[in-house]
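User: Could you take a close look at the aromatic rings in this one? I'd like to hear how they pair up and what sits around them.

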Amino acid sequence: MREQYRTKELAAADLAPDPILQFASWFKETAASPAIHEPNAMIVSTATPDGRPSSRTVLLKHYDDAGFVFFTNYGSRKGSELAANPYVSLLFPWHPLARQVIVTGRAARTGRDETAAYFRTRPHGSRLGAWASPQSSVIASREELLARYEELAARYPDSEQVPVPPQWGGFRVVPETVEFWQGHENRLHDRLRYVREGDGWRVERLAP
């Protein structure tokens, strides 16, 4: 279970001046690749204040100079951990391209207007699901979850607007470091990391 990566060198001189522009470039290439099913899938890692970590796959919904945005139930495990400890890591595992992007930073809740604007773009069933699921809580059975969903579907048919659940919303991860990893033969991978310095960024190369 070992693979030799064969890609071209990733040099600091080839990078964009800031990590968001570089991410946009790689993301565009990844989205165009038929080998990547969900290019916006990322592993979000959080931790309790005493350092116990947890990870899960979440979909990135927006990114810009302000950071990387995803949405969730604030009462979920990740929501609760971020409320107590805002430090977070995002990992984009683009294995078929021998690439990864690793973001570390602090997460803060998005405003309710931004949350509502995104919520209205979700499919009707996904909006109902946000109400039906007490995410990360123990439930008695799947039947209980489905019964709750059917109750909501009757209350809010397709013609009705589903309100935004008060416990549901977005997090924006403001990056402090962004690492671009590209695999090479003999495990001599390229690892170039942007590190925030004041209003700008410096780039450093890490040993693989």
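Analyst:
**Aromatic pairs up close**

Phe23 and Phe68 are both buried. Keep in mind that this is a predicted model. The two rings make an edge-to-face pair, with 5.1 Å from centre to centre and 85 degrees between the planes; the cut-off for that label is over 60 degrees. Phe23 belongs to helix H1 (residues 19-31) and Phe68 to strand E4 (residues 67-73), so the contact links distant parts of the chain, 45 residues apart.

Strand E4 also supplies Phe70, and its partner Phe171 comes from strand E7 (residues 168-182), so this pair ties together parts that are 101 residues apart in sequence. Here the geometry is tilted: the centres are 5.8 Å apart and the planes are 35 degrees from each other. Phe70 counts as buried because its relative accessible area is 0%, and Phe171 is buried too because its value is 3%; the bar is under 20%.

Back to the first pair for a moment. Phe23 and Phe68 sit in one aromatic cluster together with Phe27, Tyr63, Phe92 and Trp94. Across the whole model, the count of aromatic pairs comes to 19.

Then there are the charges. Arg109 lies over the face of Tyr74, 3.7 Å from the ring centre. Arg106 has its charged end over the ring of Tyr87, at 5.0 Å from the centre. Both arginines qualify as sitting over a ring because the distance limit is within 6 Å, along with an angle within 35 degrees of the ring normal.

Definitions and conventions: Residues are numbered from 1 along each chain as its sequence is written. This is a predicted model: local features need pLDDT of at least 70, side-chain atom pairs count only at pLDDT 80 or more; totals for chains, interfaces and linings use all residues. Side-chain values use heavy atoms; hydrogens and water are left out. Rings of Phe, Tyr and Trp (its six-membered ring) pair if their centres lie within 6.5 Å; planes under 30 degrees apart count as stacked, over 60 as edge-to-face and the rest as tilted. Helices (H or I, at least four residues) and strands (E, at least two) are DSSP runs, numbered from the N terminus. Buried means under 20% relative accessible area, exposed over 50%, partly exposed in between (1.4 Å probe, protein chains only).
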